[in-house]
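Work through the following exercises with the sequence and the structure beside you. Try each task before you read its solution.

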Amino acid sequence: KEFKAADKKQTNRINMGNDCCAARNDKPVEKEKLYVRLSKPAEVEKIKAHIAKEFKAADKKQTNRINMGNDCCAARNDKPVEKEKLYVRLSKPAEVEKIKAHIAKEFKAADKNNNGSLNFEELYAVTCKAHEQAGLEQPKKEAVRATLYANDKDKDKSLKLDEYTEMVMKHLHHVADLEKKADEEAAAKKAEEDKKKKADEEAKKKAGEEANKKKTDH
């Protein structure tokens with residue numbers, strides 16, 4: 001009887017802390033403070049194991065990395081954060097500056113020899129990384145080389161920060177245009193479906209009213 005009273009979740013098992021205390025109406029076991037737990041190596045290992053388990057649950061694509069938005073929310077069963085559309089972000093000056101700052105950071109990380117420009121090998125490496133993060137196939141070297149030549153304004157066979165930034169922003173605007181077009185087409189399709197649904201409901205209602213009127217007349 002005591003076991004059944006303590007088994008609040010009806011899992012046919014109870015822990016030996018608060019569940020048992022609750023069944024006996026005793027004082028519940030006080031949870032150990034976090035700073036106390038972090039001072040114990042064994043507890044730290046338990047916490048790390050839990051973090052690793054949470055990380056694995058969030059890593060849906062099994063890429064050994066997660067973003068701090070929807071992946072983390074998914075692991076905790078929270079409502080996912082809706083990501084703002086790219087074309088909306090590009091319409092906001094403050095967001096554009098954030099994007100450019102991220103591009104500059106990406107450029108600096110890719111510039112392995114710190115000479116202020118990306119040669120073919122460096123550009124290919126950062127392009128491969130971007131494709132991997134986006135879940136795309138690895139780019140062909142010929143395509144990346146053609147991209148370099150097309151954006152190399154001073155023809156020094158490398159891209160400086162301004163050239164690289166302009167190239168990436170051009171690509172983002174292209175993606176944003178496609179995204180916006182898709183949203184507009186989806187919205188138009190939904191509006192058409194809603195219009196048809198409303199017309200069908202009105203026709204059904206009218207038919208019902210006419211049928212009732214005939215019954216009344218008879």
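**Exercise 1. Find which residues of α8 meet which residues of α9, and describe how the two helices pack.**

Begin with the residues themselves: on the side of α8, Phe120, Leu123, Tyr124 and Thr127 take part, and they meet Lys141, Val144, Arg145 and Leu148 in α9. Next, sort these residues by class, which gives 5 nonpolar, 1 polar and 2 charged residues for the contact of α8 with α9. Keep in mind throughout that the model is a predicted one.

Now turn to the geometry. Two packed helices are described by the angle between their axes and the distance between the axes. For α8, which covers residues 120-133, and α9, which covers residues 141-151, the angle is about 115 degrees and the axes are 10 Å apart. Finally, note the handedness: the crossing of α8 past α9 is right-handed.

**Exercise 2. Describe the packing of α7 with α10, and decide which word fits the angle between them.**

First read off the two quantities: helix α7 (residues 93-110) and helix α10 (residues 161-217) pack at an angle of about 125 degrees, and their axes lie 10 Å apart. Then compare this angle with the cut-offs, by which 65 to 115 degrees counts as roughly perpendicular and over 145 as roughly antiparallel, with angles between these two classes called oblique. The helices α7 and α10 are therefore oblique to each other. Their crossing is right-handed.

As a last step, list the partners: Val96, Ile99, Lys100, Ile103, Ala104, Glu106 and Phe107 in α7 meet Leu161, Tyr164, Thr165, Val168, Met169 and Leu172 in α10. By class, the residues of this contact divide into 10 nonpolar, 1 polar and 2 charged.

**Exercise 3. Locate glutamate 84, and state which residues it contacts beyond its neighbours in sequence.**

Start with the position, which is in the loop between α5 (70-75) and α6 (86-89). Once the neighbours within four places in sequence are set aside, glutamate 84 is in contact with Arg89 and Lys92. Look more closely at lysine 92, whose side chain makes a polar contact of 2.5 Å with the side chain of glutamate 84. To judge the exposure, use the limits of 20% and 50%, between which a residue counts as partly exposed; glutamate 84 has a relative accessible area of 37%, so it is partly exposed.

**Exercise 4. Are lysine 155 and lysine 157 buried or exposed?**

Lysine 155 lies in the loop between α9 and β2 (159-160), and lysine 157 has its place in the loop between α9 and β2 as well. The relative accessible area of lysine 155 is 60%, so this residue is exposed. Lysine 157 is likewise exposed, at 60% relative accessibility. Check the backbone too: phi is near 55 degrees for lysine 155, a positive value in a residue other than glycine, and near 65 degrees for lysine 157, again a positive value in a residue other than glycine.

**Exercise 5. How far apart are histidine 173 and leucine 90, in sequence and in space?**

Find histidine 173 in helix α10, where it counts as partly exposed at 38% relative accessibility. Along the sequence, histidine 173 and leucine 90 are 83 residues apart, while in space their C-alpha atoms are 7.6 Å apart.

Conventions: Residues numbered from 1 in each chain as written. Predicted model: local features only at pLDDT ≥ 70, side-chain atom pairs only at ≥ 80, totals over all residues. Heavy atoms only, no water. Axes fitted to C-alpha atoms, helices over the stretch in contact; angles between N-to-C directions. Helix = DSSP H or I, 4+ residues; strand = E, 2+ residues; numbered from the N terminus. Parallel < 35°, antiparallel > 145°, perpendicular 65-115°, else oblique. Left-handed = near helix turned anticlockwise from the far one by under 90°. Contact = heavy atoms within 4.5 Å. Nonpolar A, V, L, I, M, F, W, Y, C, P; charged D, E, K, R; others polar. Buried < 20%, exposed > 50% of the residue type's maximum accessible area, 1.4 Å probe, protein only. Polar contact = N/O pair within 3.5 Å; in protein donor to acceptor, adjacent residues only side chain to side chain.
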